[in-house]
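What follows is a walk through one structure, taken a few elements at a time. Please keep the chain in view while reading.

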Amino acid sequence: MTISRDTNDPAAQAAAWQASAKKHMWLHFTRMSTFADSDMPMIVRGSGPYVFDQHGKRYLDGLSGLFVSQIGHGRTEVAEAGARQGSELAYFPLWSYAHPRAIELAERLADLAPGDLNRVFFTTSGSEAVESAWKLAKQYFKAIGEPARYKVLSRDIAYHGTTMGALAITGLAGLKQPFEPLPPGGVRVPNTNFYRAPEFMAHDLTAFGRWAADEIERAILREGPESVAAVVLEPLQNSGGCFPPPPGYFERVRQICDRYGVLLVSDEVICAFGRLGYYFGCERYGYQPDIITFAKGVTSGYAPLGGMMVSDALMEPFSKGSATFLHGVTFAGHPVSCAIALANLDVFEKEDLLGNVRARQDAFRATLEKLSDLPIVGDVRGDGYFYGIEMVKDKATRETFTDEESERLLRGYMSHALFDAGLVCRADDRGDPVIQLSPPLICTQEHFDEMEQILRSVLTEAWSRL
Ligand SMILES: Cc1ncc(COP(=O)(O)O)c(C=O)c1O
């Protein structure tokens with residue numbers, strides 16, 4: 001059956017979409033059984049920081065879709081840049097060929113990236129970017145005569161993607177277990193969750209950061225430095241609820257990587273393109289990675305694109321004789337996506353979006369911190385336009401919820417209640433229960449207030465249901 005697009009009868013059309021979606025759609029990371037007796041949430045259009053469902057109801061997009069829509073929705077000039085490119089050259093591969101928009105975008109990214117990162121290997125997604133970084137590290141070390149280096153260190157609860165390699169780097173046991181055995185070499189180190197720091201350093205953030213960094217050194221020594229290829233870290237860890245790096249953490253990690261000849265990969269799939277007030281998150285925290293992986297915000301979601309940036313030094317073994325990086329994907333650096341990324345970066349410049357984040361980030365923090373008066377709010381943490389709110393059962397002891405309470409509270413009540421109240425955000429219990437916020441970079445105080453008010457009413461109700 002084909003769904004008719006009957007604009008004269010929106011209710012009939014919405015019902016037809018629902019019926020068809022229930023028959024044919026398979027949503028990602030979603031319990032499909034929940035749609036046996038409830039509708040599939042559906043978004044049909046967007047404008048600025050808002051999106052609208054099929055009934056015309058408005059929602060504040062407090063998560064930028066999925067940490068993606070930096071410039072907000074409905075930007076005709078960005079969409080049109082894609083349409084123009086589609087008419088000129090819709091597709092050509094980056095296998096053996098280049099095309100103008102990929103060249104222009106690579107140069108622009110090289111100008112924006114810190115230090116000597118001036119070479120771009122495009123992908124279509126963040127998982128592919130992380131996968132590419134690991135493959136590059138492995139082949140690079142084989143090429144320079146250190147073939148035993150293949151392991152990758154990453155942090156507990158960190159999410160780095162779903163393809164098999166990226167999943168082996170991901171630190172969420174529950175996501176990995178159904179797909180084991182995964183490629184060997186993923187090694188876990190502690191994250192920088194200061195709210196849950198071990199007791200002996202729970203009152204000294206700097207000492208905690210030093211300990212967490214030193215755990216990376218201990219892991220390298222335990223595994224054998226000759227077997228470790230890379231350390232993969234987000235500037236500010238998303239999963240678990242926004243763990244910023246303590247002061248001095250990355251400086252020490254950089255020293256450790258240099259000491260043992262290990263590559264430092266900054267996974268900036270979320271943190272790049274203004275999320276923390278800089279084009280790249282590593283700039284905010286003052287460290288120089290060997291590889292940056294990016295995706296999401298590079299196009300603000302007007303088309304899919306990802307990639308990794310490396311230095312000439314990393315590429316050197318591949319730039320002579322018959323040497324080739326034996327890796328690629330058909331749609332990497334798609335011309336339409338590259339044209340859109342260029343138009344997206346034009347918006348960043350024209351509207352000084354980095355300036356907007358830097359000017360308003362303290363107000364965003366202060367507005368969210370107002371929620372700390374609620375008994376259920378244990379911690380508010382993050383930087384830039386990227387925050388996590390951890391919920392607890394007991395503020396004084398920081399006791400968290402049981403699995404059953406978490407299930408009832410987060411999945412059973414809050415996810416739906418927040419959406420029903422007009423806020424797109426994420427109630428996540430992959431670590432301790434948190435609400436994640438990552439609004440478009442165009443947001444101002446009125447949007448911060450709207451988020452705070454909706455969160456206040458839903459969190460208050462959640463507490464009364466405990
Ligand atoms: C830090 C990080 N790395 C990698 C990925 C995977 O990106 P994608 O979903 O585009 O494959 C994500 C996705 O959220 C991410 O947050």
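Arg465 has a relative accessible area of 45%, so this residue counts as partly exposed. This value, like the others here, comes from a predicted model. The side chain of Arg465 meets that of Glu461 in a salt bridge, with an N to O distance of 2.9 Å. Glu461 is itself partly exposed, at 32% relative accessible area.

The pair is part of a longer list, since the structure holds 33 salt bridges in the sense of a Lys or Arg side-chain nitrogen within 4 Å of a carboxyl oxygen of Asp or Glu. Another of them joins Glu215 to Arg218, whose closest N and O atoms are 2.7 Å apart. Both residues belong to helix H8, which covers residues 205-223, and they are three residues apart, about one turn of the helix. The two partners fall into separate accessibility classes. Glu215 has a relative accessible area of 18% and is therefore buried, the limit for that class being under 20%. Arg218, at 41%, is partly exposed.

A salt bridge can also link separate elements, and Arg284 with Asp383 is a case in point, the closest N and O atoms here being 3.4 Å apart. Arg284 lies in helix H10 (residues 281-285) and Asp383 in strand E11 (residues 377-383), so this bridge ties together parts of the chain that are 99 residues apart in sequence. Arg284 is partly exposed, with 25% relative accessibility. Asp383 is buried, with a relative accessible area of 10%. Beyond these pairs, salt bridges also form a network, which links Arg196, Asp379, Arg381, Glu390 and Asp432.

From charged pairs we turn to strand pairing. Strand E2 (residues 50-53) and strand E3 (residues 58-61) run antiparallel and are joined by three bridges. Within this pairing, Tyr50 stands opposite Leu60 of E3. The hairpin of E2 and E3 has four residues between its strands, and there Gly56 takes a positive phi near 90°. E3 has a further partner in strand E13 (residues 423-424), with which E3 pairs in the parallel sense over two bridges. One of the residues involved is Asp61, whose bridge partner in E13 is Val424. In a regular strand, side chains alternate between the two faces of the sheet.

Is Phe29 buried or exposed? Its relative accessible area is 61%, so Phe29 is exposed, the class being set at over 50%. Phe29 is found in the loop between helix H1 (10-24) and strand E1 (43-47). Exposure does not leave Phe29 without partners from other parts of the sequence: apart from neighbours within four places along the chain, Phe29 is in contact with Tyr159, Thr162 and Leu175. Phe141, by contrast, is 112 residues from Phe29 along the chain, and the C-alpha atoms of these two residues are separated by 35 Å.

The remaining subject is empty space, beginning with the enclosed kind. How many cavities of 30 Å³ or more does a search of the whole structure find? The search finds one. About 50 Å³ of space lies in this largest cavity. Its lining consists of Val130, Ala133, Trp134, Val152, Ile169, Ala230, Val232, Val265 and Thr293. Two elements give two or more residues each to this lining, namely helix H5 (126-143) and strand E7 (228-233). H5 provides the largest share, three residues. By class, the cavity lining divides into eight nonpolar residues, one polar residue and no charged residue.

Open space is found in the second largest pocket, which holds about 890 Å³. In this pocket 29 residues form the lining, and those nearest its centre are Leu94, Arg119, Val120, Phe121 and Met315. The elements giving two or more residues to the pocket lining are helix H4 (100-112), strand E4 (117-123), strand E10 (306-311) and helix H11 (312-315). Nonpolar residues number 21 in the lining of this pocket, alongside six polar and two charged ones.

How values were computed. Residues numbered from 1 in each chain as written. Predicted model: local features only at pLDDT ≥ 70, side-chain atom pairs only at ≥ 80, totals over all residues. Heavy atoms only, no water. 1 Å grid on protein atoms, 1.4 Å probe; cavity = no way out; pocket = protein on both sides within 12 Å on 5 of 7 lines; lining within 4 Å. Points joined across faces, edges and corners; volume = space filled by probe spheres on them. Nonpolar A, V, L, I, M, F, W, Y, C, P; charged D, E, K, R; others polar. Buried < 20%, exposed > 50% of the residue type's maximum accessible area, 1.4 Å probe, protein only. Contact = heavy atoms within 4.5 Å. Pairing = 2+ DSSP bridges.
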